[in-house]
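This report describes the surroundings of a bound ligand and the strand pairing that accompanies them. The sequence and structure come first, followed by the description.

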Amino acid sequence: MSYDPNNIFGKILRGEIPCHKVYEDADAIVFMDVMPQSPGHALVLPKAPSRNLLDADPAVLAKIIPLVQKVAVAAKTAFAADGISIAQFNEPAGGQTVFHLHFHVIPRYEGQPLKTHARNMEEGPVLAANAEKLKAALGA
Ligand code: 5GP
C-alpha cells in the first residue's frame with residue numbers, strides 16, 4: 001500500500017481542516033486527538049509522508065522520537081499523569097485508522113482504563129484548553 005495524501009492528517013498538515021495545535025516546526029506537528037482515550041491525548045506526526053512505521057524513512061524516525069519524548073514528559077506534567085502510554089498502530093489489522101504516521105501520547109492514571117480507541121468525540125473547548133496546557137508545559 002502506498003501513501004495517500006488525502007488522509008485526514010494529510011489534510012490537517014496542509015491546513016485544509018483545523019486541529020487543536022500544540023506545536024509545529026519544519027519537520028513535525030503535534031495536535032490533540034479529537035477522540036481522546038484519556039484527557040490530554042495528543043498525536044505527534046512527522047510531516048514527511050509515510051503510511052506508518054513500516055514505510056517510514058529511518059532518518060524521519062530518528063528525528064521524531066526525541067519530540068515524542070518531549071511531548072510525553074510535558075504531558076505527564078501538564079495533566080498530572082501517573083504515567084504515559086505511547087501507541088503507534090500499523091495497517092488496519094494493527095489497529096490503524098488514519099494512514100499518515102503518528103504516535104499517540106496518552107496520559108495514564110493508576111487504576112484507570114483507557115477509553116475505546118477513536119470512539120467518542122471530545123468538546124472543542126476541552127480540546128482547546130488541553131492544547132494550551134500541553135503547550136505551556138512544552139514551553140511552546
Ligand atoms: P490510529 O488508529 O490511526 O492510530 O489513530 C488515529 C487517531 O486519530 C485516533 O485516535 C482518532 O481519534 C484520531 N482522529 C481521527 N480523526 C481525527 C481528526 O479529524 N482530527 C484529530 N485531531 N484526530 C483525529
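## Ligand site

In this predicted model, the ligand is surrounded by 18 residues, of which D33, T97, V98, H104 and H117 are the closest. Sorted by class, the shell around the ligand holds 11 nonpolar, 6 polar and 1 charged residues.

Which side chains place a polar atom opposite an oxygen atom of the ligand, and at what distance? D33, T97 and H117 do so, with the distances listed here.

| Residue | Atom in the side chain | Atom of the ligand | Distance |
|---|---|---|---|
| D33 | N or O | oxygen | 2.4 Å |
| T97 | N or O | oxygen | 2.7 Å |
| H117 | polar side-chain atom | oxygen | 2.5 Å |

D33, T97 and H117 are also among the closest residues of the shell. On its own, the ligand has 520 Å² of accessible area, and the protein covers 92% of that area.

The location of the ligand is the largest pocket. Two elements give two or more residues to the shell around the ligand: the helix α1, spanning 8-13, and the strand β2, spanning 28-32. How many residues does α1 contribute to the shell? The contribution of α1 is 3 residues, the largest share.

## Strand pairing

The strand β2, which gives residues to the shell, also pairs with another strand. Its partner is β1, residues 21-24, and the two run in the antiparallel sense over 3 bridges. One of the residue pairs involved is E24 with I29, where I29 is the bridge partner in β2. The connection from β1 to β2 is a hairpin through 3 residues.

Taken together, β2 is a shared part of both descriptions: β2 gives two or more residues to the shell around the ligand, and β2 pairs with β1.

Key
Residues numbered from 1 in each chain as written. Predicted model: local features only at pLDDT ≥ 70, side-chain atom pairs only at ≥ 80, totals over all residues. Heavy atoms only, no water. Near = heavy atom within 4 Å. Polar contact = N/O pair within 3.5 Å; in protein donor to acceptor, adjacent residues only side chain to side chain. Areas by Shrake-Rupley, 256 points an atom, 1.4 Å probe, with all protein chains shown as cover. 1 Å grid on protein atoms, 1.4 Å probe; cavity = no way out; pocket = protein on both sides within 12 Å on 5 of 7 lines; lining within 4 Å. Sits in = over half its atoms within 2 Å of the grid points. Helix = DSSP H or I, 4+ residues; strand = E, 2+ residues; numbered from the N terminus. Nonpolar A, V, L, I, M, F, W, Y, C, P; charged D, E, K, R; others polar. Pairing = 2+ DSSP bridges.
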